[in-house]
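Welcome! Here is a short tour for anyone meeting this structure for the first time. Please keep the model open beside the text as you read.

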Amino acid sequence: VPAVVAVVPTRNPGPWLETMLASLAAQEYANLTTLVIDAGSVVDVAARVAEVLPNAFVKRVREPSFAVAANDALGTIEGASFYLFCHDDVELRPGAVQALVEEAFRSNAGIVGAKLVDWDHDDHLRSVGGSIDKFGFSWPIAEPDELDQAQHDAVREAFVVSSATMLVRADLVADLGGFST
């Protein structure tokens, strides 16, 4: 089973952090490691992380930017085949990591994104990726607050996926030098 490192950059997280970590703990993926990057929180989050996910690693950095914090994860845990970048306010459904890895192999994709729904209204779509128009402007595949009626459940190519939940091949991240800062 390919090694996946879930990277959760956070800074002064609210009560949703525990829900996010619990959703990672509930994944049945056999080779999943979690790394929480505390990007300059006023209060250290290590105790909160340990309470929900005792085997997770926590790394403190000073830079509050998502990109810099995510880049700090690279090489921190050796042997990763994939990095699963997750915002601290995302809740993964059971089987999400397995599905993302399977799709990465099935489609030979370097990056795989998830369908994102609203936290309070899980029948409203937040993102299913995006494309670009003929002028080079980003264009979402789903309309803002579009009702989720399984119309975007099929796998499709996208020009961009949200960093809220994004699986990236480790070799691709290394070749690109991480996120642009």
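A salt bridge here is a side-chain nitrogen of Lys or Arg within 4 Å of a carboxyl oxygen of Asp or Glu. This is a predicted model, in which local features need pLDDT of at least 70, side-chain atom pairs count only at pLDDT 80 or more, and totals for chains, interfaces and linings use all residues. Residues are numbered from 1 along each chain as its sequence is written, and side-chain values use heavy atoms, with hydrogens and water left out.

**Salt bridges**

The structure holds five salt bridges, and the table shows three of these pairs.

| Pair | Closest N and O atoms |
|---|---|
| Glu18 and Arg48 | 2.6 Å |
| Asp38 and Arg60 | 3.7 Å |
| Glu103 and Arg106 | 2.7 Å |

Helices (H or I, at least four residues) and strands (E, at least two) are DSSP runs, numbered from the N terminus. Glu18 sits in helix 1 and Arg48 in helix 2, so their salt bridge ties together parts that are 30 residues apart in sequence. Asp38 belongs to strand 2 and Arg60 to strand 3, so this pair links parts 22 residues apart in sequence. Glu103 and Arg106 are both in helix 4, three residues apart, which is about one helical turn.

How accessible are these partners? Buried means under 20% relative accessible area, exposed over 50%, and partly exposed in between (1.4 Å probe, protein chains only). Asp38 is buried at 0%, while its partner Arg60 is partly exposed at 42%. Glu103 counts as buried at 13%, whereas Arg106 is exposed at 58%. Salt bridges with shared partners also join Asp38, Asp44 and Arg60 into one network.

**The sheet**

Two strands pair if DSSP finds at least two bridges between them. Six strands form an open sheet in the order 3-2-1-4-10-5, with mixed pairing. Strand 3 (57-61) and strand 5 (111-113) are the edge strands, each pairing on one side only. Strands 2 and 3 run parallel and are joined by five bridges; Val36 has Val58 in strand 3 as its bridge partner.

Contact means heavy atoms within 4.5 Å. Thr34, in strand 2, is buried, with a relative accessible area of 7%. Leaving aside residues up to four places away in sequence, Thr34 touches Ala6, Val8, Leu24, Leu53, Ala56 and Phe57.

**Helix 1 and the cores**

Which residues of helix 1 (residues 16-25) are buried? They are Leu17, Met20, Leu21, Ser23 and Leu24. Seen down the helix axis, they fall within an arc of 155 degrees (taken from the directions from the axis to the C-beta atoms), so they line one face of helix 1. Their cover includes strand 1 (4-10), strand 2 (32-39), helix 2 (46-52) and strand 4 (82-86).

A nonpolar core is a set of buried Ala, Val, Leu, Ile, Met, Phe, Trp, Tyr and Cys residues joined through side-chain atoms within 4.5 Å. The largest one has 28 residues, and those touching the most other members are Val4, Leu24, Leu84, Leu92, Val97, Val101 and Leu167. Strand 1, helix 1, strand 4 and helix 4 (96-107) each supply at least two residues of this core, and the largest share, five residues, comes from helix 4. Apart from this core lies another, of 17 residues, including Ile37, Ala70, Ala80 and Tyr83.
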